[in-house]
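Welcome, and please load the model in your viewer with both the cartoon and the side chains switched on. We will go from stop to stop, with something to select at each one.

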Amino acid sequence: MNDLNFQGQTLSWQIVNGAIELALHREACNEIGSVTLEELEAFVSALPALANDAHALIIHSTLKAGFSAGADLRELFQRAQEMDKAAALRGVRSFLERIHSVMNALDASPLTTIAAVHGVTFGGGFELALVCDIIIADRMARFCFPELRLGLIPGFGGIPRLKRDLGNAVVRDLLLTGRSFNVMKAQQIGLVSQIAAEGEALRVARATASQVGKFDKRTAAAAKEFVKPIPYAELKQEIDIFCDLYSRPAVEEGLRKFVENEGVQPYLP
Amino acid sequence: MAAPTIDHTLDEILNLAASHFKVPREKLTPDDDFFKTLGIDSLQALDLLTRLEQHFRIELPDYELQGVSDFRTLASRIQARL
């Protein structure tokens with residue numbers, strides 16, 4: 001094992017034909033909790049060395065259920081129950097600041113980054129896809145920002161990045177209704193670059209990474225930096241708004257309801 | 001072109017559900033609870049929703065499915081978008 005290959009509990013990475021492939025594989029659907037965060041931080045630390053041997057980064061999931069269902073709400077709720085409210089809030093802020101560092105590093109990577117998504121691409125999973133330069137989606141992919149159902153806003157940088165990439169009316173629709181939407185809609189609004197057949201997103205992403213590899217790396221990095229500004233001030237503001245909202249009793253109740261829901265419809269609004 | 005009838009829409013939903021979830025078509029009836037009959041959870045229900053949207057070429061927001069668990073009501077929600 002070296003920095004060029006890694007096999008963790010929640011994710012793994014390797015370089016294939018000049019593209020770094022970061023594979024998410026935490027059951028049930030790549031919920032992002034503390035272990036995933038630690039392993040993402042390890043990946044970001046390894047990224048400069050990996051980038052010497054690669055021209056692109058592909059992020060994908062090996063799980064049938066989808067790309068990622070977002071933040072690990074069960075862990076968030078259970079940890080909050082083990083401490084007083086002030087400590088819980090400090091813990092949430094710390095987690096958000098760390099995941100923002102990861103997302104910002106991926107966003108700013110000089111490599112061309114591609115999210116190859118399928119199935120559930122919700123909340124924090126959607127936000128992880130949004131840091132990438134190009135989103136390639138399986139025709140069965142579904143996107144959603146469900147956070148308002150819990151009395152929260154997206155906390156992993158979703159709103160500033162959506163605002164960067166899409167029209168404000170579309171952002172309001174997705175955010176304020178909390179509805180999920182399919183790939184046709186996602187491509188229509190400019191979110192998804194290419195639609196792949198079922199099970200083919202990774203293959204299409206590899207073909208795209210191969211095309212990207214034909215160009216000079218330094219030129220591609222300069223072009224990316226020119227067209228993809230990172231909204232740091234708004235990202236910081238998002239953390240403050242999230243933490244303000246999080247400290248309300250209604251949020252704890254919303255989380256409890258989600259965590260204790262044993263019905264068949266937790267992913268439906 | 002005139003919209004298909006609700007019975008036609010219902011029939012297409014039952015055919016698609018039977019085919020995708022590998023359940024004999026004759027075992028599905030309009031008033032079945034599709035979560036129970038198909039043995040699916042909410043993630044699979046979203047999968048079904050996506051397939052139905054593609055089949056009927058419509059967009060059906062998932063909040064319209066809140067509390068919906070039988071094929072007949074599902075058909076009426078889809079019919080309203082055709």
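Start by colouring by chain and selecting the interface: 15 residues of chain B are in contact with 15 residues of chain A, where contact means that C-beta atoms, placed from the backbone, lie within 7 Å. On the side of chain B that touches chain A, helix 3 (residues 42–56) of chain B supplies the largest share, seven residues. Helices here are DSSP runs of H or I with at least four residues, strands are runs of E with at least two, and both are numbered from the N terminus. That side of chain B divides into seven nonpolar, three polar and five charged residues. Ala, Val, Leu, Ile, Met, Phe, Trp, Tyr, Cys and Pro count as nonpolar, Asp, Glu, Lys and Arg as charged, and the others, Gly among them, as polar.

A word on what you are viewing: this is a predicted model, in which local features need pLDDT of at least 70 and side-chain atom pairs count only at pLDDT 80 or more, while totals for chains, interfaces and linings use all residues. Residues are numbered from 1 along each chain as its sequence is written, and chains are lettered from A and ligands numbered from 1 in the order in which they are written.

**Stay in chain B**

Select B:Leu14, which is found in helix 1 (residues 6–21) of chain B. Is B:Leu14 buried or exposed? It is buried, because 22 other C-beta atoms lie within 10 Å; the cut-offs are 20 or more for buried, 12 or fewer for exposed, and partly exposed in between. B:Leu14 touches B:Arg25, B:Leu28 and B:Phe71, leaving aside residues up to four places away in sequence. Try a distance label to B:Arg25: the two are eleven residues apart in sequence and 7.0 Å apart in space, C-alpha to C-alpha.

**Into the core**

Now select A:Ile114 and A:Ala137, the residues with the most contacts inside the largest nonpolar core, which has 89 residues. Such a core is a set of buried Ala, Val, Leu, Ile, Met, Phe, Trp, Tyr and Cys residues joined through C-beta atoms within 7 Å. Not counting residues up to four places away in sequence, A:Ala137 touches several residues, including A:Val117, A:Val183 and A:Ala201.

Follow that contact to A:Val183, in helix 7 (residues 183–188) of chain A. A:Val183 counts as buried because it has 28 C-beta neighbours inside 10 Å. Its C-alpha is 7.6 Å from that of A:Asp138, although the two are 45 residues apart in sequence.

**A helix pair**

Next, show helix 4 (residues 123–130) and helix 5 (residues 158–165) of chain A, whose axes come within 10 Å and cross at roughly 45 degrees. The contact involves A:Phe126, A:Glu127 and A:Leu130 of helix 4 of chain A with A:Gly158, A:Arg161 and A:Leu162 of helix 5 of chain A. By type, these residues are three nonpolar, one polar and two charged.

**Backbone details**

Finish with the loop between strand 3 (19–24) and helix 1 (34–51) of chain A, where A:Ala28 is found. A cis peptide bond joins A:Glu27 and A:Ala28, with omega about 10 degrees. The loop between strand 3 and helix 1 of chain A also holds A:Asn30, whose phi is positive, about 55 degrees, although A:Asn30 is not a glycine. A:Asn30 is buried, with 27 other C-beta atoms within 10 Å.

How values were computed
Axes are lines fitted to C-alpha atoms, for helices over the stretch in contact, and angles run from 0 to 180 degrees between N-to-C directions. Two residues are in contact if their C-beta atoms, placed from the backbone, lie within 7 Å.
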